[in-house]
Each structure stands twice: as C-alpha cells, then as structure tokens.
Amino acid sequence: CHEVITYSFISSRSLDMLRVAEGDKLRQVLPLRNPLTEEQAVMRTSLIPGLLQALTVNVRLRNMGVKIFEIGRVFISSGIDRLPIEKTMLGILMSGPRHEEGWNVPHDDVDYYDIKGVVEYLLEGLGLFSAQFRHSTDIPYLHNGTSTRILLDGEEIGIMGMVHDSVMDSLDIKVHSYICEIDCDALSRVPRREVSYTPISKYPGTTRDL
C-alpha cells in the first residue's frame, strides 16, 4: 500500500455520507471556530472520510487500482471546556484490480480476503497472534456480509469490511472498496509474544565436492 496524508479537518456531511447515527462516538466532533471552508469545518473522528476522498480523486483520474494507508490522529470531543480525546489510528483502503495491469497477470479485483490478509500479516509481524475476526451487523458504512470487528484478547481494536453500496453511490464510484481502521493505541496495550534471535555464525559456510 502507498501512504497518504489527509487533512485533519473534514466536512460534517462526511458523517452523513457514512450513515453514522446520532449519538455515535464518531458524531462527537470538534467544530472549528473559523473554518477556511465548509468542507473543513470539524476535526475528524475517523480516518475513513479522508481515505474515501483520496479514492474519489484517484478514480476521477482513472487510477482504478488504489491501495493506500494512513497513520494519523483522530479527535473525539469529551465535552465543553475539556480537552478532546486523541487517538492514533491506522486506516487502510483497497479497491480495484488486485494486480497491476499486464498481459501475464489475471484481471481480478481485490476482495475481503485481501484486506483481511493484510491485517493478519500486520498483526503477526507485530507478534500478535491471537486476533479474532467477529462478524457484525451494526457498522452502518460497511456491507453487512463483510462487516467485521477485530478483537485482541477480548478487546476491540478495529473494524474492516466492504464499504456499503450507498456510501459508494454517494461518491459516484462503481467499484467495490474495502476498508479497515485500527486503533494503534489499543494495539500498544496488548502483550506481544516474545521473539528470540540466534546470532549469525561468525564463519562463512563451506561446500565440498567429494
């Protein structure tokens, strides 16, 4: 995946596009007192709107194979006259062809198992082998058939799945997209399996032909 850096300010309409219900924690936004534009009027509570905006720009430029990630902070309001809750999140978005175009590669698109494989590879690389993937039906911006909550030692650390068709229709994008968002702060609290190393031999190997 290619890294992107999106704005920390988003439009409040982004949450309407994601069908986020009133009372959801993603609705606990911090409005800016003097925003430059209506499209950057509140602090983001999720990386997903920015990743979807990056997808939209790429698709309009006919770059259909989009595999991007972002590591950044989100800001959740904790009440008047109180500092917001800041979290470091990882967002991943995959859409379009699985491989770059070529005469000798199959022409198939990414699916749920591609992004699930990326998440598993990431967690195992961090020494976290106890991840559970639990089906969920209450994430409004993900398709019910693939909507998944990611758990480690019983604690939810993120979500992933295929972006709901209504969200893609509002972006006027006709391809399926898969998205994941992981709480990096929660990751850091999970104990890791110890990794042991054996030093490389000081002496070069030899080969004998007898």
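Here are some short exercises with worked solutions on the structure above.

The model is predicted, so to speak of local features a pLDDT of at least 70 is needed, side-chain atom pairs count only at pLDDT 80 or more, and totals for chains, interfaces and linings use all residues. Residues are numbered from 1 along each chain as its sequence is written, and side-chain values use heavy atoms, with hydrogens and water left out.

**Exercise 1. Check the length of helix H2 and list its buried residues.**

Start with the naming: helices (H or I, at least four residues) and strands (E, at least two) are DSSP runs, numbered from the N terminus. Next, take the expected span of a helix as 1.5 Å times one less than its number of residues. H2 covers residues 48-60, and for its 13 residues this gives 18 Å. The end C-alpha atoms of H2 are 18 Å apart, which agrees.

For burial, use relative accessible area: buried is under 20%, exposed is over 50%, and partly exposed is in between (1.4 Å probe, protein chains only). In H2 the buried residues are Ile48, Pro49, Gly50, Leu51, Leu52, Ala54, Leu55, Thr56 and Val59.

**Exercise 2. Find which elements build the largest nonpolar core.**

A nonpolar core is a set of buried Ala, Val, Leu, Ile, Met, Phe, Trp, Tyr and Cys residues joined through side-chain atoms within 4.5 Å. The largest one has 25 residues, and Leu18, Leu52, Leu55, Leu93, Tyr141 and Ile179 touch the most other members. Two or more residues come from each of helix H1 (13-17), H2, strand S4 (66-76) and helix H4 (165-170). H2 gives the largest share, six residues. A second, separate core has 20 residues, including Val119, Leu152, Met160 and Met162.

Now look at Ile179, with contact meaning heavy atoms within 4.5 Å. Beyond its neighbours within four places in sequence, Ile179 has contacts that include Ile48, Leu51 and Leu52, and also Ile92, Leu93 and Met160.

**Exercise 3. Describe the aromatic pair and the charge over a ring.**

Rings of Phe, Tyr and Trp (its six-membered ring) pair if their centres lie within 6.5 Å; planes under 30 degrees apart are stacked, over 60 edge-to-face, and the rest tilted. Searching the whole structure gives one such pair. Its members are Tyr112 and Tyr113, 5.3 Å centre to centre with 80° between the planes, an edge-to-face arrangement. Tyr112 is buried because its relative accessible area is 13%, while Tyr113 is exposed at 63%.

For the charge, NZ of Lys or CZ of Arg must be within 6 Å of the ring centre and within 35 degrees of the ring normal. Lys116 lies over the face of Phe133, 4.6 Å from the ring centre.

**Exercise 4. How many disulfides are there?**

A disulfide needs a pair of cysteine sulfur atoms within 2.5 Å. The count by this rule is zero. For Cys180, the nearest cysteine sulfur is that of Cys184, 9.8 Å away. Cys180 is buried, because its relative accessibility is 0%.

**Exercise 5. Place Arg19 and Arg62, which have a positive phi.**

Most residues other than glycine have a negative phi. Arg19 has a phi near 60° and is found in the loop between H1 and strand S3 (42-43). At 37% relative accessibility, Arg19 is partly exposed. Arg62 follows just after H2 with a phi of about 65°, in the loop between H2 and S4. Its relative accessibility is 65%, so Arg62 counts as exposed.
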